[in-house]
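Hi everyone, thanks for making the time this morning. I'd like to walk you through one structure, so let me put it up on the screen before I start talking.

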Amino acid sequence: MPLRPVTSVRRLGSPIAKAAFEVSPLRPFGAEVTGADLGGSLLASSDLAQNLRRELDAHGLLVVRGQEFRPDDHLAVSSIFGDIFPLPPRYQHERSPHPTRILRMSNDVAEGFQGVGTTGWHVDGTSYKTPFCAAVMHMDRVPRGAAPTLFLPLAPLARHLRAARPEWERLWLRCSSSDDAILHPLLFAHPRTGAPSVTLGKTYGSVWRGGGPERAADADETAATVADLRTLVDDFVASAAQPVYRHDWREGDVVLVDNLATAHLAPPETQAAPSEIGLRVLHRVVVAGTAALAPFFNSENLVS
């Protein structure tokens, strides 16, 4: 597929630039943006913002390489997609350049939080009523050894799950351990694109809704459903046509993620000791969600 040009970008204090960036597909999904400078303060209404928003809707994942990316740039780019989510105190690391807004993760506990995102495929923020809509990641310290981040598109997974377990179009998951139960449909419609997607993350209970009286599943039924879901996801990922994109980080990489279209995972090698792979420090900013997830009951779309 040829490069698709995007024609304009504006930064504070700079004129409109022609041929701002180009987009080329990554394998097996996502896209790489070339010719874009994400440094400096950005106007939320700029052409760059509109074009990046459009491309993220289209691809679910954008990789931008070779950036001189300061913490203030990180916040400016993230604000293109909405309001930056303020981190709760338990996720504020003293080494973060902006502890309340930039999550700092590392394989060294003195440098950042360890073990974040390593327990399975997930989308961020499912413990809130409106899960995060986007995330912007930047590797502040690139290790010398392999320490990738893995990404999985959720629309084909949603179709796969619906075909295997059609009854799951009625399944809602409780995603918070607090008394204020947070329920999301397992299969939902992406709030911006309408594409089918999947709620992946920690589950504390389940409820059946639609097609009859609402019924809460007991602990054993929920555990069996979650185990079945995990098996189906693992089988899908391991299939011959598996769609996982593995991002091997380089200096200057910025990765933009549609959090409601793309799941991610930090594999075990990311937690290897600095003495083995070098120091790994990943900065992440998340953008607050604006809408509760709605169930995706259009089976024609799901299985087509």
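Let me begin with a pocket, and not the top-ranked one: the second largest pocket here has a volume of about 220 Å³. Its lining is made of 20 residues, and those closest to its centre are D57, A58, H59, G60 and A261. If you want to find it by elements, helix 1 (47-59), helix 3 (154-164) and strand 11 (196-198) each give two or more residues to that lining. By class, the second largest pocket is lined by 11 nonpolar, seven polar and two charged residues.

Before I go on, please keep in mind that this is a predicted model.

Now for the top-ranked pocket. How much space lies in the largest pocket? About 1,300 Å³. Its lining counts 49 residues, with T119, H122, V123, G201 and K202 the closest to the centre. The elements giving two or more residues there are strand 5 (103-106), helix 4 (219-238), strand 16 (262-265) and strand 17 (281-287). Helix 4 has the largest share of that lining, with five residues. As for the classes, the largest pocket is lined by 23 nonpolar, 19 polar and seven charged residues.

Let me step back to the whole chain for a moment. You are looking at six helices and 18 strands. The chain has 304 residues, and 50% of them count as buried. Take the contacts between residues at least 6 apart in sequence: 75% of those join residues at least 24 apart.

Since helix 4 has come up already, let's stay with it and pick one residue. F236 lies in helix 4. Is F236 buried or exposed? Its relative accessible area is 12%, and buried means under 20%, so F236 is buried. Leaving aside residues up to four places away in sequence, F236 touches L152, P156, L157, H160, Q242 and P243. One of these, H160, is 76 residues from F236 along the chain, yet their C-alpha atoms are separated by 7.7 Å.

Helix 2 is a nice one to look at next. It covers residues 71-78, and six of its eight residues are buried. Which ones are they? D73, H74, L75, A76, V77 and S78. Among the elements that cover these buried residues are strand 6 (134-141), strand 15 (254-258) and strand 17. You may remember strand 17 from the lining of the largest pocket.

On to the aromatics, where there are five pairs in total. Let me show you two of them. The ring centres of Y128 and F132 are 5.7 Å apart, and their planes are at 35°. Why is this pair called tilted? Stacked needs planes under 30 degrees apart and edge-to-face needs over 60, so an angle of 35° falls in the tilted class. The two partners have their own settings: Y128 is partly exposed, with a relative accessible area of 27%, whereas F132 is buried at 6%. Together with F85, Y128 and F132 form one aromatic cluster.

The other pair I want to show is F151 with Y245, which is stacked, at 6.4 Å centre to centre and 25° between the planes. This pair links distant parts of the chain: F151 sits in strand 7 (residues 149-153) and Y245 in strand 14 (residues 245-247), 94 residues apart. Both rings belong to buried residues, F151 with a relative accessible area of 0% and Y245 with 6%.

While we are on rings, have a look at W172. R209 lies over its face, at 4.4 Å from the ring centre.

I'll finish with two loop residues. The peptide bond from R27 to P28 is cis, with omega near 5°. P28 is found in the loop between strand 2 (17-25) and strand 3 (31-34). Following the chain past strand 3, we come to A36, in the loop between strand 3 and helix 1. A36 is buried, with a relative accessible area of 12%. Its C-alpha atom is separated by 9.4 Å from that of G66, which is 30 residues away along the chain.

That's my tour. Thanks for listening, and I'm happy to turn the model around for anyone who wants another look.

Key. Residues numbered from 1 in each chain as written. Predicted model: local features only at pLDDT ≥ 70, side-chain atom pairs only at ≥ 80, totals over all residues. Heavy atoms only, no water. 1 Å grid on protein atoms, 1.4 Å probe; cavity = no way out; pocket = protein on both sides within 12 Å on 5 of 7 lines; lining within 4 Å. Points joined across faces, edges and corners; volume = space filled by probe spheres on them. Helix = DSSP H or I, 4+ residues; strand = E, 2+ residues; numbered from the N terminus. Nonpolar A, V, L, I, M, F, W, Y, C, P; charged D, E, K, R; others polar. Buried < 20%, exposed > 50% of the residue type's maximum accessible area, 1.4 Å probe, protein only. Contact = heavy atoms within 4.5 Å. Phe/Tyr/Trp six-rings, centres within 6.5 Å; stacked < 30°, edge-to-face > 60°. Lys NZ or Arg CZ within 6 Å of the ring centre and 35° of its normal.
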